[in-house]
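Q: Let's go through this model and ask how each label is earned. What do we need to know before we start?

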Amino acid sequence: MKRLQASILALAMGALMVTAETYDLVIVGGNPGGIMAAIEAARMGKKSVILERTDHIGGLPANGLGATDIATRGATTGLFSEFTDAILRYYTDVYGADSPQVRDCSGGFHFEPSVAEKIFGDMIAAEGDRIDVRPMRQFNFSTGDIAMSTDGRRVESIRVVNRVTGEDEHYDGAIFIDATYEGDLGAAAGVPFRIGRESAAEFGEPGAGRTYEYWKSTPAEGSTGDADNAIQAYNYRLCLTRDTARMVPFYRPESYDRSEYESLADDVWTGRNTWRHMKTVTPEMMEANRRRLLEGGTGTSIPGDSWGIEKLVTINTEPNGKTDANNQHGAFISTDLPEENWPWPTSSWEWRDRFARRLRDYTLGLFWFAATDSTLPEQFRREISRWGLSAGEYADNGNFPRQVYVREGRRFEGMYFFTSKDALPETEGGRPPVHSTSITASHYALDSHAARKRESGRAHLDGFISYPTAVYTVPYGVIVPREVENLLLPVPVSGSHIGFSTLRMEPCWMAMGQAAGAAAAIAIDKGCSVQTVPVGDLQDRLLKEKATLIYYKDVRPADPDFVEIQRKGLAGELPAWSVRK
């Protein structure tokens with residue numbers, strides 16, 4: 001049926017004799033995955049257009065995610081390293097090598113949102129006229145704005161809406177790339193996908209299905225491991241500051257509902273939290289904490305508990321007194337808003353925009369409650385009021401991030417389906433399985449946020465997990481659909497909920513985007529499908545661009561024997577973590 005609909009649309013578009021712009025690569029999504037695909041393709045002589053729905057490029061790094069999520073620095077390199085190197089160079093050039101800004105940028109891995117957007121823009125500009133960026137272009141998967149070949153195996157053209165003029169625009173391409181967080185283009189092309197959580201039984205993955213654990217990874221009552229349609233929570237990564245000269249005080253949103261935050265008051269008074277330390281906390285200890293606060297004490301005496309702003313969010317330092325404030329994983333109530341986001345992956349942009357406003361008001365309401373509500377200790381409210389939104393970011397959006405942190409949307413079923421086994425060591429101290437088709441090494445925990453709101457008697461929110469992994473390899477097949485011959489999926493990749501939970505970090509998305517750009521260029525040059533791109537040629541190109549395909553503790557891309565070691569490692573000849581003993 002989808003192929004028939006696509007064919008009808010193709011005929012209709014042809015009958016209308018629409019004028020389409022033609023590119024080598026048509027990339028939907030101006031996040032880091034899409035940007036790196038365009039840059040790599042440009043370096044290989046191909047011209048791309050990036051169709052970005054908002055009026056700013058950069059995705060989440062340009063919208064508050066300024067503390068880079070990577071567990072082993074050096075595991076992911078290539079264009080990602082060029083990005084972090086440029087961040088470091090920016091702060092060094094502007095403020096000096098010995099400045100606090102350079103210190104706080106942490107080697108280029110921590111940055112202000114506006115600086116991330118600037119660096120992405122600079123990287124694109126360096127490729128000259130081979131990359132066109134078209135902001136405010138919306139692709140609507142729900143109305144079938146795609147033309148497929150009659151056999152359904154190729155994308156021929158897509159239609160987007162210019163959100164400024166309201167007019168339709170058409171784009172033809174040799175290769176199409178879905179760099180949306182949601183997977184909208186792949187879905188429109190008919191690629192099979194999954195939504196929600198697999199059961200623990202399907203792949204034998206830790207934390208799969210309905211799961212309750214103390215933070216971190218200590219089992220608690222209530223887990224069933226059952227599959228469901230639950231999506232891990234979204235939030236906004238906030239740029240907060242204590243610099244009163246550059247701070248916008250927390251303000252009350254229009255749709256403030258005080259009742260949503262009332263449970264925070266008792267958590268503050270008692271010190272209740274979700275850390276595993278709570279297994280040893282008694283009611284008497286929590287009552288003692290309450291009495292101490294009533295008597296004017298400051299802080300908390302409960303193990304694992306946080307005080308002040310860190311009761312609401314985790315704080316990561318950025319340059320110029322700014323912070324990346326994320327959900328507080330050790331709390332029952334924070335900036336995540338579970339359950340209400342479940343429809344997001346497959347909903348229209350009209351629905352998504354409504355949810356984005358709802359999430360914004362919910363987030364602002366949380367800070368307003370914490371700073372002003374009389375049910376909270378005065379000394380706690382005073383601590384919260386020392387913080388505010390950074391006046392130096394998002395001036396066109398009320399100093400609030402422009403994009404929701406979409407942690408997980410559709411997950412496609414591609415040529416390779418990534419699960420937890422691909423990121424967990426096969427033996428103690430050893431590596432995960434080494435994929436000979438690797439397009440990048442990567443490293444982050446199996447990490448999922450909550451899928452449900454607070455439930456009475458539970459140790460934590462359902463779905464909040466974190467399991468350590470080891471540096472792993474990512475096979476080419478995770479970005480390749482099984483049938484559509486000119487489509488790549490470097491952001492909504494192929495994997496289980498648990499497998500995707502480690503791939504979904506921006507460094508890995510950048511690396512997979514770079515690989516998609518290289519694969520697209522090779523497919524064009526060889527006249528082949530993306531499924532039959534010679535992986536050896538792809539790896540040669542990535543290695544030339546200093547990408548790490550298998551990680552070694554004592555080998556870096558600048559080493560003269562880097563490429564040889566990479567090839568031997570992927571062939572299974574160098575299984576240890578170090579080469580030079």
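A: First, one term: a strand here is a DSSP run of E with at least two residues, and strands are numbered from the N terminus. Also keep in mind that this is a predicted model.

Q: Where is Ser217 found, and how do you know that β9 counts as a strand there?
A: Ser217 sits in the loop between β9 and β10. β9 covers 213-214 and β10 covers 218-219, so each meets the minimum of at least two residues. Lys216 has its place in that loop as well.

Q: What makes the backbone at Ser217 worth a look?
A: Its phi is near 55°, a positive value in a residue other than glycine. Just before Ser217, a cis peptide bond joins Trp215 and Lys216, with omega about 5°.

Q: Why is α8 called roughly perpendicular to α9?
A: The axes of α8 (residues 262-270) and α9 (residues 283-294) cross at roughly 95° and come within 7 Å. Angles of 65 to 115 degrees count as roughly perpendicular, so α8 earns that label against α9.

Q: How do you know that α8 and α9 meet?
A: Contact means heavy atoms within 4.5 Å. On the α8 side, Asp266, Val268, Trp269 and Thr270 meet Met286, Asn289, Arg290, Leu293 and Leu294 of α9. By class, that contact has 5 nonpolar, 2 polar and 2 charged residues.

Q: What makes Tyr23 and Tyr171 an aromatic pair, and why is the pair called tilted?
A: The structure holds 22 aromatic pairs. For Tyr23 and Tyr171, the ring centres are 6.4 Å apart and the planes are at 35°. The pairing cut-off is 6.5 Å, and planes that are neither under 30 nor over 60 degrees apart count as tilted, so both labels fit. Tyr23 lies in β1 and Tyr171 in β7, so the pair ties together parts that are 148 residues apart in sequence.

Q: What makes up the lining of the largest pocket?
A: That pocket holds about 790 Å³ of space and has 38 lining residues, with Arg53, Thr54, Asp353, Arg402 and Gln403 nearest its centre. α11 gives the most, with 6 residues. By class, the lining has 15 nonpolar, 10 polar and 13 charged residues.

Notes:
Residues numbered from 1 in each chain as written. Predicted model: local features only at pLDDT ≥ 70, side-chain atom pairs only at ≥ 80, totals over all residues. Heavy atoms only, no water. 1 Å grid on protein atoms, 1.4 Å probe; cavity = no way out; pocket = protein on both sides within 12 Å on 5 of 7 lines; lining within 4 Å. Points joined across faces, edges and corners; volume = space filled by probe spheres on them. Helix = DSSP H or I, 4+ residues; strand = E, 2+ residues; numbered from the N terminus. Nonpolar A, V, L, I, M, F, W, Y, C, P; charged D, E, K, R; others polar. Axes fitted to C-alpha atoms, helices over the stretch in contact; angles between N-to-C directions. Parallel < 35°, antiparallel > 145°, perpendicular 65-115°, else oblique. Phe/Tyr/Trp six-rings, centres within 6.5 Å; stacked < 30°, edge-to-face > 60°.
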